[in-house]
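Have the model open in your viewer and keep the selection tool handy. We will make a few stops together, each with something to pick and something to look at.

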Amino acid sequence: MRTPLIAGNWKMFTTASEATTWARALLEDLASDPVRGVDLALHVPFTHLAPLAPILRDTAVALGAQDVSAHAEGAHTGEVSAAMLKDVGTRTVVVGHSERRADHGESDELVLAKAAAVMAADMVPVVCVGELEAERAAGRHEDVVVAQLRGSLAGLSPARADQLVVAYEPVWAIGTGRTATAADAQAMCALTRQVLHELFGETGTAVRVLYGGSVKPGNAAELFAQADIDGGLVGGASLDRDSYLAIARAARSNA
Ligand code: PGA
């Protein structure tokens, strides 16, 4: 039985002071109406981590970062290491988001090194994969995603399934309002699970596979009802507290 995870991805939105007000209000909402049986995480800009850490410590909401350096330390101007993230209370780290793959040319090899750095620092990587629109139109989406999964995950060694999360996010659905159909999302998440089994055996089967790409309160329940979708990586809709909570509650009703 996999506990659903609703992981917000705030991208480059909000200031740290807005985020602390937001997080306090979220915890008040959760105190009056808890979302039981669902894990929550928020992946925020680096500047927000330290101010959010004392607010989210020992709560149901895991503090997350959106990227990390593959290097342990050194002359890497502008980079932030896994140890630095861990030190301020980060619990999960998104790696290989399609915006980083596209904007910063991140390869599967680099994503793998980042995921390994996150795991070595005892945090959870949320490893993202997903095909471009042209790849789907050409019928290559399965091959592309399988290759990304193997390239970004092979060699990691999670001792437990809760040490790794994978997010399938078709690039054409991110921030566009065009969600994959529940059936297509399910098919790709089932394929992802097969590759996880191939790579990690039974541990892989228990790894949570999230769907991402225009998840909203109106489509969340149908997506999360699919057998191989264990929650969502939610961008735009996670910035609005009511819609983030509505999406989390949609996961609870399918848990
Ligand atoms: P979106 O973003 O929900 O705004 O489509 C998802 C993501 O980029 O993780």
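Start by selecting residues 141-153, helix α7, along with residues 182-200, helix α8. In this predicted model, the two helices pack at an angle of about 35 degrees, and their axes lie 10 Å apart. Turn the view until one helix lies over the other: the crossing of α7 and α8 is right-handed.

Now show the side chains where they meet. On α7, pick His141, Glu142, Val145, Val146, Leu149, Arg150 and Leu153. Facing these, α8 contributes Met188, Leu191, Thr192, Val195, Leu196, Glu198, Leu199 and Phe200. Colour the contact by class and you should find 10 nonpolar residues, two polar and three charged.

Next, turn on a pocket surface if you have one. The largest pocket has a volume of about 500 Å³. Its lining counts 20 residues, and to centre your view you can select Lys11, Met12, Gln66, Asp67 and Arg100, the closest to the pocket's centre. Two elements give two or more residues to this lining: α2 (46-56) and α4 (98-103). Which element gives the most? That is α4, with three residues. Coloured by class, the lining of the largest pocket shows seven nonpolar, seven polar and six charged residues.

Move on to the second largest pocket, which holds about 410 Å³ of space. Here too 20 residues form the lining, and those closest to the centre are Arg91, Thr92, Met123, Val124 and Asp162. Select the strands β2 (39-44), β3 (61-65) and β5 (124-129) as well, as each of them gives two or more residues to the lining of this second pocket. By class, this lining divides into 10 nonpolar, three polar and seven charged residues.

For the last stop, look at charged pairs. Side chains of opposite charge can pair when their charged atoms come close. How many salt bridges does a search of the whole structure find? The search gives 17. Select Asp230 and Arg2, which form a salt bridge whose closest N and O atoms are 2.9 Å apart. Trace the chain from each partner: Asp230 sits in the loop between α10 (217-224) and β8 (231-234), while Arg2 belongs to the segment before β1 (5-9). The pair links distant parts of the chain, 228 residues apart.

Notes
Residues numbered from 1 in each chain as written. Predicted model: local features only at pLDDT ≥ 70, side-chain atom pairs only at ≥ 80, totals over all residues. Heavy atoms only, no water. 1 Å grid on protein atoms, 1.4 Å probe; cavity = no way out; pocket = protein on both sides within 12 Å on 5 of 7 lines; lining within 4 Å. Points joined across faces, edges and corners; volume = space filled by probe spheres on them. Helix = DSSP H or I, 4+ residues; strand = E, 2+ residues; numbered from the N terminus. Nonpolar A, V, L, I, M, F, W, Y, C, P; charged D, E, K, R; others polar. Axes fitted to C-alpha atoms, helices over the stretch in contact; angles between N-to-C directions. Left-handed = near helix turned anticlockwise from the far one by under 90°. Contact = heavy atoms within 4.5 Å. Salt bridge = Lys/Arg side-chain N within 4 Å of Asp/Glu carboxyl O.
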